Amino acid sequence: PWSRLITNVKYLQVAWVDLDCYAVGLVPTPEFIETLIHRAYFFGIPIPSYIVSSGRGLYLKWLLDKPVPVGLLPAWKHVQGMLTQLYIDVGADVRAIDAARVLRVVNTMNGKVPADPNVTSSGVVRVVWNEGPRRHSFETLLNSVNLLDQSATEAIKKAGEKVAHRAGRSRLCPNFSEAKGYRPGNLSLIWDTRSPDFALEAMAK
């Protein structure tokens with residue numbers, strides 16, 4: 001039987017941020033979504049492959065071009081933590097970064113969203129922005145998040161002060177030192193030779 005245990009994880013082919021923007025009073029409008037993409041671009045982070053409406057919030061997902069073996073779980077967790085800190089002020093959920101996490105599936109309904117007869121997409125989990133979808137090298141993603149530091153935190157705080165209606169008024173601000181739990185040494189990593197499991201990925205979208 002399937003179980004959400006880390007011991008059942010064999011490899012990973014996506015990184016994500018679970019954005020509960022509603023929790024900080026933000027509505028996931030197209031303009032807000034563009035702000036999220038611009039933030040990644042501005043700080044040298046590969047932009048998400050696609051963004052999914054979870055019914056109330058958003059999932060930002062980075063598809064990987066090769067499966068990351070479970071032996072590299074510390075590196076993957078580091079990427080998860082840093083990406084989450086990048087969006088902490090706009091509702092990123094620090095509890096939703098574990099490798100055994102199950103995200104809502106596209107074209108299903110989020111039962112926590114009250115039905116609205118005037119909104120046909122109310123509560124529907126759906127893709128709201130995509131880039132093809134684009135796949136990213138895990139090494140590139142790892143190297144880019146390792147460039148995030150206190151100067152990035154200050155830049156995000158200043159941006160929030162200037163455009164608070166878009167960047168959020170949350171008291172939280174990124175603390176990248178908290179997420180730093182992995183220091184890559186030799187990046188000539190031992191990779192799984194398989195290609196991503198597209199059938200499994202399609203089910204998870």
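Let me start with helix α1, residues 30-42, in this predicted model: at 1.5 Å a residue its 13 residues should span 18 Å, and since its end C-alpha atoms are 18 Å apart, the expectation and the model agree. Along α1 the buried residues are Phe32, Ile33, Thr35, Leu36, Ile37, Arg39 and Ala40. In general, an α-helix has 3.6 residues a turn, so residues three or four places apart point the same way, and you may want to keep that in mind while looking at the positions just listed. After α1 comes Gly44, whose phi is positive, near 75°.

Staying with what follows α1, please look at Pro46, which has its place in the loop between α1 and β2, the strand at 50-53. Is Pro46 buried or exposed? Its relative accessibility is 15%, and because buried means under 20%, Pro46 counts as buried. If we set aside residues up to four places away in sequence, Pro46 touches Ala40, Trp62, His136, Thr140, Leu141 and Ser144. With the last of these, Ser144, the C-alpha to C-alpha separation is 7.8 Å, although the two residues are 98 positions apart in sequence.

Let me step back for a moment to the protein as a whole. There are 7 helices and 5 strands, and, read along the sequence, they follow the pattern β-α-β-β-α-β-β-α-α-α-α-α. The protein has 205 residues, of which 47% count as buried. Among contacts with a separation of 6 or more, 80% are accounted for by residues 24 or more positions apart, and the Pro46 to Ser144 pair, at 98 residues apart, is one example of such a sequence separation.

Now to the pair of helices that I would like to spend most time on, α2 at residues 73-86 and α3 at residues 138-145, whose axes come within 10 Å and cross at roughly 50°. That angle makes α2 oblique to α3, and the crossing is left-handed. Which residues meet there? From α2 they are Ala75, Trp76, His78, Val79, Met82 and Leu83, and from α3 they are Phe138, Leu141, Leu142 and Val145. By residue class, this contact of α2 with α3 divides into 9 nonpolar, 1 polar and no charged residues.

Taking α2 by itself, the helix has 14 residues and reaches 20 Å from its first C-alpha to its last, which is close to the 20 Å expected at 1.5 Å a residue. Helix α2 is mostly covered, with 12 of its 14 residues buried, and among those are Leu73, Gln80, Gly81, Thr84, Gln85 and Leu86, as well as the residues Trp76 and Met82, which also take part in the contact with α3.

Leu86, which lies in α2, deserves a separate word, as its relative accessibility is 0% and it therefore counts as buried. Leaving aside neighbours within four places in sequence, Leu86 is in contact with Arg39, Ala40, Phe43, Ile45, Leu148, Ile156, Pro174 and Phe176, and of these Arg39 and Ala40 are buried residues of α1. The C-alpha atoms of Leu86 and Val17 are separated by 9.4 Å, with their positions 69 residues apart along the chain.

On the other side of the crossing, α3 is also mostly covered, with 6 of its 8 residues buried. These are Phe138, Glu139, Leu141, Leu142, Ser144 and Val145, and what covers them includes β1 (11-19), β3, α2 and β5 (135-136).

Two further residues complete the tour, and they make a useful contrast in accessibility. Gly71, found in the loop between β3 (58-69) and α2, is exposed, with a relative accessible area of 64%, and its C-alpha is 8.8 Å from that of Lys10, a residue 61 positions away along the chain. Trp129, by comparison, lies in strand β4, residues 126-130, and is buried, with a relative accessible area of 15%.

What does Trp129 contact, leaving aside its neighbours within four places in sequence? The partners are Ile33, Glu34, Ile37, Ile47, Pro48, Ser49, Tyr50 and Ile51, and among them Ile33 and Ile37 bring us back to α1, where both are buried. For Pro48, the C-alpha to C-alpha distance from Trp129 is 9.2 Å, with the two residues 81 apart in sequence.

Terms used: Residues are numbered from 1 along each chain as its sequence is written. This is a predicted model: local features need pLDDT of at least 70, side-chain atom pairs count only at pLDDT 80 or more; totals for chains, interfaces and linings use all residues. Side-chain values use heavy atoms; hydrogens and water are left out. Axes are lines fitted to C-alpha atoms, for helices over the stretch in contact, and angles run from 0 to 180 degrees between N-to-C directions. Helices (H or I, at least four residues) and strands (E, at least two) are DSSP runs, numbered from the N terminus. Angles under 35 degrees count as roughly parallel, over 145 as roughly antiparallel, 65 to 115 as roughly perpendicular and the rest as oblique. A crossing is left-handed if the near helix is turned anticlockwise from the far one by less than a right angle, and right-handed if clockwise. Contact means heavy atoms within 4.5 Å. Ala, Val, Leu, Ile, Met, Phe, Trp, Tyr, Cys and Pro count as nonpolar, Asp, Glu, Lys and Arg as charged, and the others, Gly among them, as polar. The expected span of a helix is 1.5 Å times one less than its number of residues. Buried means under 20% relative accessible area, exposed over 50%, partly exposed in between (1.4 Å probe, protein chains only).
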